[in-house]
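Trainee: Could you take one part of this protein and walk me through it slowly? I'd like to look at the salt bridges, and at how they sit within the rest of the fold.

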Amino acid sequence: MKGLAVMRIRNPGRVRDHLWFLGREESGVYLLEGKDGSTLISGGISYIVPDLLQQFKEFGIDENRISKLLILHAHFDHVGIVPFFKRRHPRLEVYASTRGWEILQMEKAINTINEFSRMVTNRMGKEEVHSTYDLDWRDDVSGKSVREGDRIDLGGLEASILEIPGHSSCCIAAYIPEWNTLFPTDGGGIPFDRTIVTSGNSNYTKYQESLERLKPLEVEYYCADHYGYVTGKEAREFIPKTIEMARQQRARIEEAYRSTKDIDLAARRLISSFYDENSDYFLSPEIFLDVYRQMVRHIASVMEGNA
């Protein structure tokens with residue numbers, strides 16, 4: 001993958017007519033301007049709020065037209081802006097999967113979201129953002145549930161919802177067939193640097209199965225939540241290449257567990273190798289180590305015949 005032709009855009013700006021990539025390279029959201037209002041797709045990480053407010057002004061985006069926000073999964077780095085904008089615009093309609101809302105109503109999950117948001121905010125040198133803006137999740141955010149086959153009216157366009165568990169149990173993708181535009185969140189591959197990071201956090205087997213579900217889609221714009229969007233030829237090939245990268249990653253995890261027979265030790269070896277190659281990845285090693293433990297635990301259970 002190191003020789004990949006670069007068709008990746010990481011700077012905020014216009015993706016195409018009526019569609020914007022906003023936020024920051026490591027954590028972005030998308031704004032779709034419809035006829036009757038605008039929709040934010042994905043919820044980003046909390047510290048991008050001031051970037052968004054500045055970009056609304058810079059790009060001439062009318063914030064007051066934003067009427068909908070679609071959460072694609074409930075991890076802390078994908079729901080961070082939701083409380084701020086829901087409190088700022090109480091009529092904002094927020095959508096997530098049924099499982100997503102279940103998670104976002106759990107006290108333990110809310111505490112984890114707030115804790116991890118602050119950890120990564122500090123890692124990125126943005127400590128002042130949390131003291132300036134009301135960003136924490138509490139019990140005052142609710143919304144509507146969407147599921148497989150639902151279509152969300154974006155104001156002249158519709159987004160189809162696909163359930164793609166594996167990265168998380170609540171993960172969904174949105175696809176706009178009229179534009180051949182896919183919003184896969186981390187249920188697809190992450191276009192970090194010049195490689196593709198695969199992250200089957202909760203169930204690696206379901207993650208790989210979900211990638212196969214996405215494979216038949218025609219994609220001209222691959223709109224990732226981390227590290228921008230991909231266009232053209234690479235966008236068309238991105239899911240098949242992610243499937244191959246996921247296969248290779250699974251083989252590495254299997255080998256790490258086979259050689260150690262210890263979930264924690266295997267995860268530590270894998271995370272050490274990852275940061276040797278990707279030292280500036282936005283997640284802290286402490287958080288990503290928990291991710292690797294989950295992946296190793298699942299794959300180990302499959303190898304031991306317990307899954």
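Mentor: Here is a walk from the whole chain, through its open sheet, to the salt bridges you asked about.

Keep in mind that this is a predicted model. Let's start with the big picture. The chain has 9 helices and 14 strands. Its C-alpha trace spans about 55 × 40 × 35 Å along the principal axes. For 307 residues, a compact globule would have a radius of gyration near 19 Å, and the chain's 18 Å agrees with that. Of those 307 residues, 57% count as buried. Look at the contacts too: among those with a separation of 6 or more, 69% link residues 24 or more positions apart. As for the outside, the chain exposes about 13000 Å², and carbon and sulfur atoms supply 45% of that area.

Now find the sheet. It is an open one, built from 7 strands in the order S1-S14-S13-S12-S11-S10-S9, with mixed pairing. Strand S1 (8–9) and strand S9 (151–153) stand at the edges; each has a single partner strand, so one side of each is left without a neighbour in the sheet. Helix H7 (residues 232–260) packs on this sheet and touches S1, S12, strand S13 (221–223) and strand S14 (229–231). The direction of H7 makes about 110 degrees with that of S14. For one pairing up close, try strand S11 (residues 172–176) and strand S12 (residues 181–183), which run antiparallel and pair over 3 bridges. There, Ile176 stands opposite Thr181 in S12.

With that in place, on to the charges. Side chains of opposite charge can pair when their charged atoms come close. A search of the whole structure finds 22 salt bridges, and a few are worth a visit.

Begin with Arg88 and Glu63, whose closest N and O atoms are 2.5 Å apart. Arg88 is in helix H2 (residues 82–88), while Glu63 is in the loop between helix H1 (49–58) and strand S6 (66–70), so this salt bridge ties together parts that are 25 residues apart in sequence. The two partners don't share the same surroundings, either. Arg88 counts as partly exposed, because its relative accessibility is 42%. Glu63 has 12%, so it counts as buried; the cut-off for buried is under 20%.

Next comes the salt bridge between Glu93 and Lys144, with 3.4 Å between the closest N and O atoms. Here the partners sit in two strands: Glu93 in strand S7 (residues 93–97) and Lys144 in strand S8 (residues 144–146), so the pair ties together parts that are 51 residues apart in sequence. Glu93 is partly exposed at 29% relative accessible area, and Lys144 is partly exposed at 43%.

A third one takes you back to the sheet. Glu158 forms a salt bridge with Arg151, and their closest N and O atoms are 2.6 Å apart. Remember the edge strand S9 (151–153)? Its residue range begins with 151. Arg151 is partly exposed, with a relative accessible area of 43%, and Glu158 is partly exposed as well, at 31%.

Finally, salt bridges can link up. Arg87, Asp134, Arg138 and Asp140 are joined into one network by salt bridges that share partners. Try picking out these four residues in the structure, and then go back to Arg88 and its partner Glu63.

How values were computed:
Residues numbered from 1 in each chain as written. Predicted model: local features only at pLDDT ≥ 70, side-chain atom pairs only at ≥ 80, totals over all residues. Heavy atoms only, no water. Pairing = 2+ DSSP bridges. Helix = DSSP H or I, 4+ residues; strand = E, 2+ residues; numbered from the N terminus. Contact = heavy atoms within 4.5 Å. Axes fitted to C-alpha atoms, helices over the stretch in contact; angles between N-to-C directions. Rg over C-alpha atoms; globule rule 2.2 N^0.38 Å. Buried < 20%, exposed > 50% of the residue type's maximum accessible area, 1.4 Å probe, protein only. Areas by Shrake-Rupley, 256 points an atom, 1.4 Å probe, with all protein chains shown as cover. Salt bridge = Lys/Arg side-chain N within 4 Å of Asp/Glu carboxyl O.
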